[in-house]
Amino acid sequence: MNTMTAPHALPSTSSTPADPMVVNCVAYRFDGQRIGDTSLDDISEVLKEPDTFVWVGLHEPDETLLQKLQEEFDLHDLAIEDAQHAHQRTKIEAYGDSLFVVVQTAQLVGGHIAFGETHVFLGPRYLVTVRHGASLSYAPARRNCEHTPELLALGPAYGLYGVLDFIVDNLLPIVRDFREELQELEKDIFSDTFKRSTIRRLYDMQRDLMTLRLAVAPMQDIISQLVRQHPQLIPDELRAYFRDVYDHVFRVNESISAMREMLAAAINVNLSLVTFGQNEVMKRLAGYAAMLAAPTLITSWYGMNFTHMPELAEPWAYPVIIGVVTTLVASIYYVLKRAKWL
């Protein structure tokens, strides 16, 4: 590709976009060098130069803003409709010489995972990212790309790699934080007493990780397509980088699966220990009930108003009955103690 020597035809740039929904709009040359910030109205002027491309970042744009971008980059109606309404499944769609990619994003907020979406439009001379919901700014990904102009010279596809790599790299800390929290909950998990809050938290963590897995798993298919297909947009030099992102997604998916198994095991262990503790209590109660049943049965006989009772008239009868009751209770206690019921 030919590189520009003087961007004389480019309009003047501004440091910050005027619209709060426009996070940034930056023009680049195809030698990987940043030209500067520009406005959406000046995109057409920037793209008149043959060796330039534009990277636009939006956050929850309205219909008017998306229609403006559609006019600037000739985006497909269906893709614009998806980007406007959000709540889309993870997917990749090809529209002529452009790609529309939808990926799920996640952030850990207050101990729970908040989910969002990022919609990406990739063309030969543009990259547009549209964020909805919980999502970090892609400014760090942009800076990393700008620090390697020799790779950014490969075009907007390298920006797509930077965004996807940034999204995936922010998923691993979530799983790591859950693993650390599980370690902190181990004392409550192995406790003999039942704590509803512990089971509730374990269930919430397992539910969040299941939702996260449903968001991450389809990304493997998307990145696999970027590795093998779409040669008109993905240079061969970048396929190794997308393979690296695929490996990261695979590792995240495996970590999520392992963490879900650990949480399921923790829930089962906690419930088993609580059930075991309850059984021990019931065994003790049953043992003490058996010990009380013997003297209750004997003394109930002598509580009846009968004239002829065994040894009722003998002076030694009362001490003998006490001795018999004591011996019987002691025998029951010995048997139950040996059986580890007490």
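**Exercise 1.** Determine which residue of strand E5 is the bridge partner of Glu93, and place this pair within the pairing of strands E4 and E5.

*Solution.* The bridge partner of Glu93 in E5 is Phe100. This is a predicted model, in which local features need pLDDT of at least 70 and side-chain atom pairs count only at pLDDT 80 or more, while totals for chains, interfaces and linings use all residues. Residues are numbered from 1 along each chain as its sequence is written, and side-chain values use heavy atoms, with hydrogens and water left out. Strand E4 covers residues 91-95 and pairs with E5 in the antiparallel sense over five bridges, where two strands pair if DSSP finds at least two bridges between them. Strands (E, at least two residues) and helices (H or I, at least four) are DSSP runs, numbered from the N terminus. The hairpin of E4 and E5 has two residues between the strands, and in this hairpin Gly96 takes a positive phi near 65°.

**Exercise 2.** Follow E5 to its pairing with strand E6, and establish how far E5 is enclosed by the rest of the structure.

*Solution.* E5 and E6 (residues 112-123) pair in the antiparallel sense over eleven bridges, and the partner of Val102 in E6 is His119. The hairpin of E5 and E6 likewise has two residues between its strands, with Gly110 taking a positive phi near 60°. As for enclosure, nine of the twelve residues of E5 (residues 98-109) are buried, so this strand is largely enclosed by the rest of the structure; buried means under 20% relative accessible area, exposed over 50% and partly exposed in between, with a 1.4 Å probe and protein chains only.

**Exercise 3.** Identify the buried residues of helix H2, explain why they lie on the same side of H2, and state what covers them.

*Solution.* The buried residues of H2 (residues 63-73) are Leu65, Leu66, Leu69, Gln70, Glu72 and Phe73. They lie on the same side of H2 because they cover an arc of only 165° around the axis, the arc being that of the directions from the helix axis to the C-beta atoms. The face turned away from this buried side carries the exposed residues Thr64 and Glu71. The cover over the buried residues includes strand E1 (22-29), helix H1 (43-47), strand E3 (52-59), helix H3 (77-85) and strand E7 (126-133). Just after H2, Asp74 takes a positive phi of about 55°.

Methods
Contact = heavy atoms within 4.5 Å.
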